[in-house]
Amino acid sequence: MWIPVHTDLISNIVARLREGVRHTAGSADILDEFKDEPDLATYLVHIACPLPENHEVAVRLATGYQLKSNVDLVYHSTSPAGIQYIQKTILVIVAEPVMRPVATQIITALLQESGPLAWRDWMRRLVSMLDNSNPELQEATLMVLFALYVSNPNSLDATVDDQWTPQLLMHKYAVLTGHSSLNVRALALACLSTRIPVGISLILETVPNIFRILSCVAVDCSPDVRRNTCQVLMKLFTHFPRDLMPGSVGEVMVQSLKDDDEGVALAACNFWYMLVKLPRYTAYTRPFLLSIIHALLDRMTYRESTSDTSVIGVQSPLFVSEHGPTTIRQETGRTIDGLLWDIRVCSTVTLGRMAVTYGNEVSDMLLVPLKTKMYQHNWLVRESAILAWGIVSTGCMSTIAPHLQAITPYLLQACGDPQPLIRSTSCWTLGRYAQAFAQTNENRLFLAPIINRCLVLFFNTDERVQQGACSTFTRFCINARESTIVPLDLVVRVMSYSLQHYNRQSLRAAYCTLYHFAQSSGTLLSEETYVDQLVPVLMRRWAAYITFEPEDPEFIELVKVITMVIGAIGPLFLPYMGDALRLCFDMIGVNVVPTGGENGRPLYVLHSVLDVLFSIVWNVWPMSQRAMLDADELVMPGLVTCLNHPDQTFQRSSYALLGDLVVVAPSVVHPYLSDIMSSLMIHFELGSVEDVLRAQSSLRGHVQ
C-alpha cells in the first residue's frame with residue numbers, strides 16, 4: 001500500500017500551487033521543478049483528496065487540473081502501489097461535488113491513455129457504484145460513464161464478465177431513469193442517448209419496454225429530464241422508426257412541444273423538424289399535423305427574451321427557412337449558420353418546412369387559426385400570425401394566392417403599425433408573395449401600393465423594419481420585374497438614402513437590394529442624375545474599407561453591387577474609373593499572399609476586386625480613349641504582379657483578365673510584353689490551361 005512519506009515534497013507542491021493560484025500563473029509550467037520526482041502523480045492525487053489537512057479547495061482544484069494536464073506521469077513515473085492508490089482515491093474525489101468535474105476529466109484522460117480494460121478491476125468498482133444507495137455516488141458514476149462515452153463511444157462495449165457487460169449497463173441506465181434524484185435521472189437518460197447511434201439493437205434487446213419508460217419520464221418534474229427524454233426519443237426514431245407507433249411517442253413529443261420550459265420545447269421542435277424534412281418520415285407525422293401546427297403557431301410568438309436574431313433580418317429564420325440549417329443543435333442559445341437557434345426560429349422553420357412537405361394539407365389547417373390570430377388584441381399574437389402567412393408561402397402559394405385579395409389590405413395596414421416588429425414582419429410577408437402578385441390581374445392591382453409602402457419603410461429608423469423593406473423590395477425586383485412600374489428616380493433616392501444612413505446589418509441588406517434593382521433595371525439606370533446619386537456614395541463606402549481588413553460579408557456585397565452598377569451604367573462610370581482602379585490595386589497590393597493576413601488580403605477579397613476590373617474592362621473601356629491612359633498607368637503594373645501570385649486560382653483569374661484586356665485594349669499591353677511572356681512561360685504548368693492558352697492566343701497576334 002502506498003504511503004506519502006515525503007511530507008516536504010507535499011509542502012513544496014502545495015506552496016507552489018498556492019502561489020500559482022494567487023498569481024494566476026500559467027498552468028503549463030507550475031510543476032516543472034517537480035517533474036523528476038518519483039510518484040509525483042500519486043502525490044498530486046493525495047493532495048487533491050478530501051483529507052483534513054487539504055482544506056484549501058482552490059489548491060485542490062489546481063492540483064486536479066495539473067494532474068489532468070500531466071496524466072502521462074501516471075504511466076511513466078508511478079509505482080504499481082502508487083497506481084493502486086490513484087485508482088482507489090480518485091473514486092473518493094469524484095464523489096465530492098466540488099471536485100467532480102475535474103476528477104471526471106482526470107479519469108477520462110487516464111482511460112483514454114490506457115483503455116478501460118487495463119483498469120478492469122477499477123471499472124468493476126465504478127459500475128458497482130450505480131447500485132449504491134447514495135445518490136451522490138450514483139450521480140458521480142453516471143457523470144464519469146457519460147464522459148467516457150462522449151470521449152470514446154465504443155470504450156465500454158466490451159464484455160469482461162457477468163459484472164460488466166453492455167447489456168447490464170443498458171439495464172442499469174433504464175432502471176435509473178426512475179430514480180428519485182433528478183440529476184441521476186437526467187444523467188441516466190444522457191448515457192442511454194449516447195448509446196443509440198452504436199447500440200440501438202442492444203438497447204431494444206436489453207430494454208424491450210424502453211418506449212414505455214421514456215413515455216413516463218417525458219412528464220418528469222425536471223426540465224433536464226424531459227429535455228433529455230426528447231433527445232433520446234429523437235435518436236431512437238432516427239435509427240428505429242418502425243417501433244415508434246402513433247399514439248405513443250408522437251403524443252409525447254406534441255405535448256413536449258407545448259412544454260413551459262423552452263429547452264424541452266426546442267428539443268421536441270427539433271424532433272418534428274427532422275421528421276418533416278425527410279420524406280421517409282412523412283407518414284409518421286401526418287396524424288399529428290393539426291396538433292403540431294397549433295403548437296408551432298404558439299411557439300412562434302415573439303417574447304421579450306427572444307434575441308433580435310430571431311426576427312427579420314439578413315440572419316433570421318426567414319433567411320434560411322426554405323432549406324433549413326445544415327445541422328441541428330438540441331440546446332437553445334446555440335448558433336447554426338450564423339443563426340440563433342431558439343424556439344421561435346425552430347418553430348418558424350419547422351412550419352415552413354411542413355408547408356413544403358405537405359402543401360395544401362397545411363394551408364387548409366392554417367386558414368382558420370391564422371384568421372383568428374390576425375385580429376387578436378395582443379400584438380405579439382398578431383405578429384406571429386403574419387409571420388406564419390409569410391413562412392408557408394413557398395409550399396402553399398397556390399392555395400393561399402386566392403386569399404390575397406382579403407389578406408393584402410390587412411398586411412398593408414399592418415405595415416404602418418406602431419410596433420416595429422409588426423411593420424417589419426408584414427412587409428416581409430408581402431414580399432414572400434411577390435410572384436403571386438405579378439401573375440394575375442386581380443393581384444397585380446396591389447403591386448403599386450405594396451411597393452410604395454415598402455419604399456416608405458426604407459426611411460424607418462428601426463433596423464428590423466429597414467431589413468424587412470429591403471427583403472421585400474428585393475423579392476419584387478426578382479419575381480415581378482416586368483410588373484414593377486414605379487418612378488425610377490424615387491427608387492434611386494431611396495437607395496441613395498439607405499446607402500448613406502444605414503448601419504452595417506441593414507446596409508448589407510441594402511446592398512443586396514441595390515444589386516437586384518440594378519440587375520432588373522439594366523440600362524434604365526444609365527442617366528447622369530441616377531449615377532450622381534448612387535456611384536459617389538458607393539465609392540465612398542468602398543474607400544472606407546481600405547483602412548482595415550475587409551473580412552466581413554458586407555464588403556463582398558458592396559463589391560457585387562459596384563460590379564453590377566458598372567454593367568448597368570457603362571460609360572457613365574468613366575469619371576469614377578480612375579478612383580476605382582486605384583482602389584482595386586490598393587486592395588490587391590504588391591505583397592499579396594494566398595490566405596490574406598498581416599501583409600495581404602483574403603483571397604475572396606482579391607477575387608471580388610478582379611470582378612470589378614472585369615466589369616470595367618468590358619463596360620467602360622471600349623467607350624473611351626481616356627481609359628487607355630488609365631490602364632497604362634494603373635492597371636498593367638498591378639496586373640503583371642497578379643500574374644505571379646502564388647495562389648493558382650487567383651493566378652488563373654488574372655490570366656483571364658489579361659486575355660480580356662488584350663481583346664479590348666491591346667495597345668496598353670505592348671510595353672509589358674516582356675514581363676508578361678516571362679510570367680506566362682514560368683507559370684504555364686501551374687495555371688489554368690484554358691485561361692493561360694486564351695491569354696497566350698490573344699498575345700500571339702499582338703506580338704506578331
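Which residues are linked with R100 in a network of salt bridges? The network joins R100, E136 and E139, and it makes a good place to start a walk through this structure. The model is a predicted one, in which local features need pLDDT of at least 70 and side-chain atom pairs count only at pLDDT 80 or more, while totals for chains, interfaces and linings use all residues. Residues are numbered from 1 along each chain as its sequence is written, and side-chain values use heavy atoms, with hydrogens and water left out.

Let us stay with the charged pairs for a moment. Side chains of opposite charge can pair when their charged atoms come close. Here, a salt bridge means a side-chain nitrogen of Lys or Arg within 4 Å of a carboxyl oxygen of Asp or Glu. By this rule the model holds 18 salt bridges. One of them joins E139 and R100, with 3.3 Å from N to O. This pair links distant parts of the chain, since E139 sits in helix α8 (residues 135-151) and R100 in helix α6 (residues 100-114), 39 residues apart. Helices are DSSP runs of H or I with at least four residues, numbered from the N terminus.

Are these two partners buried or exposed? A residue is called buried under 20% relative accessible area, exposed over 50%, and partly exposed in between, using a 1.4 Å probe and protein chains only. E139 counts as buried because its relative accessibility is 13%, and R100 is buried too, at 4%.

A second salt bridge pairs D261 with R227, and their closest N and O atoms are 3.4 Å apart. D261 lies in the loop between α13 (249-257) and α14 (262-277), whereas R227 belongs to helix α12 (residues 223-239), so this pair ties together parts that are 34 residues apart in sequence. With a relative accessible area of 22%, D261 is partly exposed.

The salt bridge between R582 and D579 has its closest N and O atoms 3.7 Å apart. Both residues are in helix α32 (residues 574-588), and because they are three residues apart, about one helical turn separates them. R582 is partly exposed at 42%, and D579 is partly exposed at 45%.

Next, look at helix α5 (residues 80-94). Its 15 residues, at 1.5 Å a residue, should span 21 Å, and the end C-alpha atoms are indeed 21 Å apart; the expected span is 1.5 Å times one less than the number of residues. Among the buried residues of α5 are G82, Y85, I86 and Q87. What covers the buried residues of this helix includes α2 (40-48), α4 (72-76), α6, α7 (120-128) and α8.

Further along the chain, S498 is found in helix α28 (residues 488-501). S498 is buried, with a relative accessible area of 1%. Leaving aside neighbours within four places in sequence, S498 is in contact (heavy atoms within 4.5 Å) with F458, L507 and A510.

Finally, what about the cysteines? A disulfide is a covalent bond between the sulfur atoms of two cysteines. The rule used here asks for a pair of cysteine sulfur atoms within 2.5 Å, and by this rule there are zero disulfides. For C415, the nearest cysteine sulfur is that of C427, 5.0 Å away. C415 counts as buried at 1% relative accessibility. C470 is in no disulfide either, as the nearest cysteine sulfur, that of C454, is 7.8 Å away. C470 is likewise buried, at 1% relative accessibility.

Note on methods
Helix = DSSP H or I, 4+ residues; strand = E, 2+ residues; numbered from the N terminus.
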